[in-house]
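Reader: Could you take me through a single part of this model in detail, with the cut-offs behind each term stated as you go?

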Amino acid sequence: MSFTSADVLKRLKTEEGSGSEETLVQLLEMVIKGKDSRARREMKALVSKMLHENSSQNVGCVDLSRESLYHACSTCLDALSKAFLEACKTDPIDRGALIAEISHQADNLLWLLEILLDRHIASDFVKIWAYQFNLALVHKKLATVLRFEVSRLTARLCIAIGRGQVLCPVDVRYALLQTWLSPLLDDFGWMQRCCKGLDKNTIEDGICQTILTLPLNQQQSILLSWFNRFSNNGDDCPNLQRAFEVWWRRTFLRRWTEEQAEVSPT
């Protein structure tokens, strides 16, 4: 069953003055569960606009709570994890429905993340995603065609961190890259070929900026691993040369400058 924007508004029509958070949660769930791709795009745009207007109003306006948004994230993440595990056990010939489910839930999480970013409450989302060790392990076991859309989530988080849209502790940023950068590097070629509207340069800049927020020793371990991958995979791997050059200068040129200052006569 598919929905249109008109269907959504019709189902949510209530008596004047009866608007509540429960109604907004219902709306959120309808978007998350919608099956028709075109209708979902319309619904997401409509709901995002409405929620942005709600959150921008004066205190007292009915709005979605942080708890409701994160509950929706948890529901979608659980569904994604379940689909990944089922895909590992299913014959490749019979994985069509699971591919659709993985793509659907990845899209849901991306949409919810945008709402959280708009409200400046996405820091816990970064932490939740950064420590999904089991999901990342399962991700590596699946064919790229099954999993690549999930890597869009990591890419979006790096863009957000790089732009300062979300602030989180250094240990969380490092965990995010330790857990999910390798899968993103593996999937990048497919992402470029299959994800419409993908901005390669924006993603590369976001990853670079995120790496450069880390201590030098952590930058080194990540960038040396990237260097090896890029040398072997070329355009199928994001180009992080800018971050590599900054790390190089900070590590070697600064050290050389300090050593020269020490030996220079006063």
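Author: At the N-terminal end of α3, D36 acts as the cap, with a side-chain oxygen 3.2 Å from the backbone nitrogen of R38; a polar contact here is a pair of N or O atoms within 3.5 Å, where, within protein, one must be able to donate a hydrogen and the other to accept it, and residues adjacent in sequence count only if both atoms are side-chain atoms. This is a predicted model, in which local features need pLDDT of at least 70 and side-chain atom pairs count only at pLDDT 80 or more, while totals for chains, interfaces and linings use all residues. Residues are numbered from 1 along each chain as its sequence is written, and side-chain values use heavy atoms, with hydrogens and water left out.

Helix α3 itself covers residues 37–56, helices being DSSP runs of H or I with at least four residues, numbered from the N terminus. Its 20 residues reach 28 Å from the first C-alpha to the last, close to the 28 Å expected at 1.5 Å a residue, where the expected span is 1.5 Å times one less than the number of residues. Within α3, A39, R40, M43, K44, V47 and L51 are buried, that is, under 20% relative accessible area with a 1.4 Å probe and protein chains only, whereas exposed means over 50%. These buried residues lie on the same side of α3 because they cover an arc of only 130° around the axis, the arc being that of the directions from the helix axis to the C-beta atoms. The face of α3 turned away from that buried side carries R41 and K49, which are exposed.

Conventions:
Helices (H or I, at least four residues) and strands (E, at least two) are DSSP runs, numbered from the N terminus.
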